[in-house]
Every structure is written in structure tokens, then in C-alpha cells.
Amino acid sequence: MLLANTKKIYFASDQHFGAPTAELSLPREKKFVAWLDEVKLDAEAIFLLGDLFDFWFEYKTVVPKGFVRVLGKLAEIRDSGIPIYFFVGNHDLWMRKYFETELNIPVYHDNKEFTFGGKTFLIGHGDGKGPGDIGYKRMKKVFVHPFSKWLFGWLHPDIGVGLAQYLSVKNKMISGDSDVKFLGEDKEWLILYAKRKLETKHYNYFIFGHRHLPMIKSIGENSEYVNLGDWISYFTYGVFDGESFELKEYK
Ligand SMILES: [Mn+2]
């Protein structure tokens, strides 16, 4: 994709809507919708890099309550012709076809490469990548196993969703959000993951969420690691104008 020279590509992640409660999440959701209203004016595409919801489980016919403002805004923007891409995070990995069928938004369950304006990007949520994160990796195997999903789907939604929301907020090991301190460039496992990738293939940008730590770090020649931060404490987002990538704070 070559960018028209007035257009931009926007990136945001880790909104965790619904947390810690629906009531307390609502002002953050409204702020994010206001941001979407601004970026739609010059967006060539919008990337959402996961954990949009603090918990999402996709039943065959039932849609979890809440989130109508953000879902409606995404529908409006997508219907206006702007492409939106969604990568699941560790909090909303049970997505199936709802975003695709209802919103016409593709859903990716793993990292994906893109090229914009001649620059190469590796994009994803970032959970379970690189060394470490062992407890979470083990849990993720259970989470994504078809049998667990089938079993969970048989729980009454009021029980299943209630239980999951409780665990999501209470249990940081399960959610994989145990450590939101920067570990240092030599230990930060998403940076190590990106550097390992660079050994076999060059990318200009590695764009991830998950760590909730907004940063841009040079990790090689013409190669940068970007973490988008979150919409809980930082309200940060990425913007690529065809030549360079910037991290900004929405006020
Ligand atoms: Mn997150």
C-alpha cells in the first residue's frame, strides 16, 4: 500500500474496555471514540492491536453486553470505506467471525507483515512472544484449545462471562499482565523477540501492544521496536505518515 501524501495509518491497543467495571470503563470508551472521530478524517487505515476488551467470548449467537459506542463507531468508520485491522490480544483471543461478518473487519490471531510506503512492518499484540512469559504461555495453550472453548461455551453466559471478568481483573498471571515495568532493553522480551526476528529478516518497524509501556526503541539499522502503550494510563497511539512513525498521546 502506498500512502496518499495527506493520509496516515493509525495504531492503538490495550483499551481493556469493561475493566475494572463497565461504569468506570465508560469514560475511557468515550475518549477512544472521540479519538476515532478525529483520526477517521485522514486515516488510510486503522490498526487495533488487541485487548480492546478486557474480556470477550464469542458465542454462536450471543454478543456480550456493553461496548456499543466503540462497536458502532468502528462500524461507521469501516462502512465509510476506511480499512480497519484487528489483532486479538490475550484478553480477547476468543474472537471468531463476529468482527468479520458484522463489521467487515479482519481478525488476526498472530503477527502479520505489512508494507506501507516502502517500509516493512511486523504487527501483532505481542503476547507469548520471545523468551519468558512461561506461566502465560502454558495458560494460553489451555485457552486456545478447542475443548476448553467448547466447554466454556456451554456455560451460561452470565456465569461464564462473570467468572472470566472476575478472573481477568483479579488474576494477573492468567491475563499475562503481571509485569508492567520496563525490564531493560536486554531483558524486555518483546525487544529480544524483535531482535531475534531481525537476524533472519529485516523489518523497519515492529509494532506491538501488550506491554502497556509506550516506547520507540531503535534496535538495528533502520529498525525500530514500538510499543503502543495503553488506553488506561497513557492514552497513546501510533501514527505513520508514509515516511516516519510517531507515538503520540491523545488529550
Ligand atoms: Mn493488555
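1. Asp37 is partly exposed in this predicted model, its relative accessible area being 27%. Its side chain meets that of Lys40 in a salt bridge, with 2.7 Å from N to O, and Lys40 likewise counts as partly exposed, at 25% relative accessibility. Since buried is taken as under 20% and exposed as over 50%, the value of 27% for Asp37 falls in the range between.

2. A second pair to examine is that of Lys195 and Glu185, which form a salt bridge whose closest N and O atoms are 3.2 Å apart. Lys195 belongs to helix α8 (residues 189–200), whereas Glu185 sits in the loop between α7 (172–175) and α8, so the pair ties together parts that are 10 residues apart in sequence. Lys195 is partly exposed, with a relative accessibility of 30%, and Glu185 is also partly exposed, with a relative accessible area of 30%.

3. Returning to Asp37 and Lys40, one finds these residues joined with Lys73 and Glu76 into one network by salt bridges that share partners. Of the members of this network, Lys73 is listed among the buried residues of α2, whereas Asp37 is partly exposed.

4. How many salt bridges does the model contain under the rule applied here? The count comes to 11, and one of the pairs is formed by Lys8 and Asp42, whose closest N and O atoms are 3.6 Å apart. Lys8 lies in strand β1 (residues 8–12) and Asp42 in the loop between α1 and β2, so this salt bridge ties together parts that are 34 residues apart in sequence. Lys8 is partly exposed, its relative accessible area being 28%. As general background, side chains of opposite charge can pair when their charged atoms come close.

5. The geometry of helix α2 (residues 68–79) can be checked against expectation: with 12 residues and 1.5 Å a residue, the helix should span 16 Å, and its end C-alpha atoms are 16 Å apart, which agrees. After α2 comes Gly81, whose phi is positive, near 105 degrees.

6. Which residues of α2 are buried? They are Val70, Leu71, Lys73, Leu74, Ala75, Ile77 and Arg78, a set in which Lys73 and Arg78 appear alongside residues such as Leu71 and Ile77. The buried residues of α2 pack against two other helices, α1 (22–39) and α3 (98–103), as well as against the strands β2 (43–48) and β3 (84–87).

Notes:
Residues numbered from 1 in each chain as written. Predicted model: local features only at pLDDT ≥ 70, side-chain atom pairs only at ≥ 80, totals over all residues. Heavy atoms only, no water. Helix = DSSP H or I, 4+ residues; strand = E, 2+ residues; numbered from the N terminus. Expected span 1.5 Å × (residues − 1). Buried < 20%, exposed > 50% of the residue type's maximum accessible area, 1.4 Å probe, protein only. Contact = heavy atoms within 4.5 Å. Salt bridge = Lys/Arg side-chain N within 4 Å of Asp/Glu carboxyl O.
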